[in-house]
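Subject: Structure for you to look at

Hello,

Here is the structure I said I would send. My notes on what was found in it follow below the display.

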Amino acid sequence: MNLEVFADAEALAMGAAEQIAAVLREAPGERVSLGLAGGSTPAATYRQLRALPLSWERVDAWLADERWVPHNHSDSNGQMAAGLLLDHVNARFHRPRWAPWLEPAESAAHYEATLRSLHQPDVGPDLVLLGIGTDGHTASLFPGTLALADERRWYVANDVPHLKTTRLTCTLPFLQRAQRVFFLVAGTDKADVMSRIAAGEDLPATLVAKIVPDTIWLIDRPAASKLPT
Ligand code: 6PG
């Protein structure tokens, strides 16, 4: 497990922002593909990242997953990423469509077509940022949900029964194409799941780390507190 432990959430945010910026600067292609994590953990990193100098005009930013809510909804990952990062830099931000008359599966299929148009057939995303839930989910690949079994599509609508909702999420086949994944994990509440992942338990986050060789875990000391020393 390629792990970097930071003293606290603030140090993680700064350290992660610097490492993300370095990857984006060094990316070899004309365009740079950056997958963004949702949830609350990346917020501090996005705030730091927007202040770092890099050629944002090269960057195609997209969402590793999105809740099925209007774009301006407080639960929207896109709203969070735009407010904290993408409204402040001149990257191209590709968001999944949402409309009251649109089916999640239609939006996911359209978003997949967008993602396929952004990536050469044999070149995956330069960097995908992901978080983890206390149950080991990542993006909206929750344990026991159908999206985990999809072997063909890159982006799907995933029913999440215990949340009584549908989420849009990238899939393992798409994540497997990533050149690099950074997991951003902070807080004592993630210590147990980090311990389970380090022990190799078959959780969605563990699966991603297995299929993307260049995966780095950027975590703070509280989240690392139950890892073997
Ligand atoms: C989401 C995220 C999800 C998130 C984890 C951790 O849409 O919620 O994509 O995978 O990364 O649930 O969330 P926190 O960072 O809020 O703990």
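In this predicted model, one open sheet is made of 3 strands in the order E4-E8-E7, with antiparallel pairing. E4 and E7 are the edge strands and have a single partner strand each, so one side of each has no neighbour in the sheet. From one strand to the next, the twist averages 25°. E4 and E8 run antiparallel and are joined by 3 bridges. Arg67 has Arg167 in E8 standing opposite. Helix H4 packs on this sheet, where H4 touches E7 and E8, and the direction of H4 makes about 150° with that of E7.

The other sheet to look at is also open and has 7 strands, in the order E1-E10-E9-E6-E2-E3-E5, with parallel pairing. Its edge strands are E1 (3-6) and E5 (92-94), each of which pairs on one side only. The twist here averages 20° from one strand to the next. Within this sheet, E6 (residues 127-130) and E9 (residues 181-185) run parallel and are joined by 3 bridges. Phe182 in E9 is the bridge partner of Leu129. H4 (residues 104-118) packs on this sheet as well, touching E3 (59-63) and E5, and its direction makes about 155° with that of E3. As background, strands of a sheet pair through backbone hydrogen bonds, either parallel or antiparallel.

Two other helices are worth going through for their buried residues. In helix H3 (residues 77-86), 8 of the 10 residues are buried, so H3 is largely enclosed by the rest of the structure. The buried residues are Asn77, Gly78, Met80, Ala81, Ala82, Leu84, Leu85 and Leu86. They pack against E2, helix H2 (42-49), E3, E4 and E5. In helix H7 (residues 204-211), the buried residues are Pro204, Ala205, Thr206 and Val208. Their cover includes E6, helix H5 (172-175), E9, helix H6 (191-198) and strand E10 (215-220).

Next, the pockets. The largest pocket has a volume of about 350 Å³. Its lining consists of 27 residues, and those nearest its centre are Gly38, Gly39, Ile132, Gly133 and His137. Strand E4 (65-67), E6 and E9 are the elements that give two or more residues to this lining. Sorted by class, the lining of the largest pocket has 11 nonpolar, 10 polar and 6 charged residues.

The second largest pocket has a volume of about 270 Å³. It is lined by 16 residues, with Arg31, Val32, Leu118, Gln120 and Val123 nearest its centre. Strand E2 (32-36) and H4 each supply at least two residues of this lining. By class, the residues lining the second largest pocket are 4 nonpolar, 7 polar and 5 charged.

Two residues stand out for their backbone angles. Most residues other than glycine have a negative phi. Ala139, however, has a positive phi, near 50°, and is not a glycine. Ala139 sits in the loop between E6 and strand E7 (155-160). Lys164 is also not a glycine and has a positive phi of about 50°. Lys164 belongs to the loop between E7 and strand E8 (165-170). Is each of these loop residues buried or exposed? Ala139 counts as buried because its relative accessibility is 10%, under the cut-off of 20%. Lys164 counts as exposed because its relative accessibility is 79%, over the cut-off of 50%.

One last residue is Thr188, in the loop between E9 and H6. Thr188 is exposed, because its relative accessible area of 59% is over 50%. Which residues does Thr188 contact, leaving aside its neighbours within four places in sequence? They are Pro222 and Ala223. Thr188 and Asp220 are 32 residues apart along the chain, and their C-alpha atoms are separated by 8.9 Å.

That is the end of my notes.

Regards

Technical notes
Residues are numbered from 1 along each chain as its sequence is written. This is a predicted model: local features need pLDDT of at least 70, side-chain atom pairs count only at pLDDT 80 or more; totals for chains, interfaces and linings use all residues. Side-chain values use heavy atoms; hydrogens and water are left out. Two strands pair if DSSP finds at least two bridges between them. Helices (H or I, at least four residues) and strands (E, at least two) are DSSP runs, numbered from the N terminus. Axes are lines fitted to C-alpha atoms, for helices over the stretch in contact, and angles run from 0 to 180 degrees between N-to-C directions. Contact means heavy atoms within 4.5 Å. Buried means under 20% relative accessible area, exposed over 50%, partly exposed in between (1.4 Å probe, protein chains only). On a 1 Å grid over the protein atoms alone, a cavity is a set of points where a 1.4 Å probe fits but cannot get out, and a pocket is an open set with protein on both sides within 12 Å along at least five of seven lines; lining residues have an atom within 4 Å of a point. Grid points are joined across faces, edges and corners, and a volume is the space filled by probe spheres set on the points. Ala, Val, Leu, Ile, Met, Phe, Trp, Tyr, Cys and Pro count as nonpolar, Asp, Glu, Lys and Arg as charged, and the others, Gly among them, as polar.
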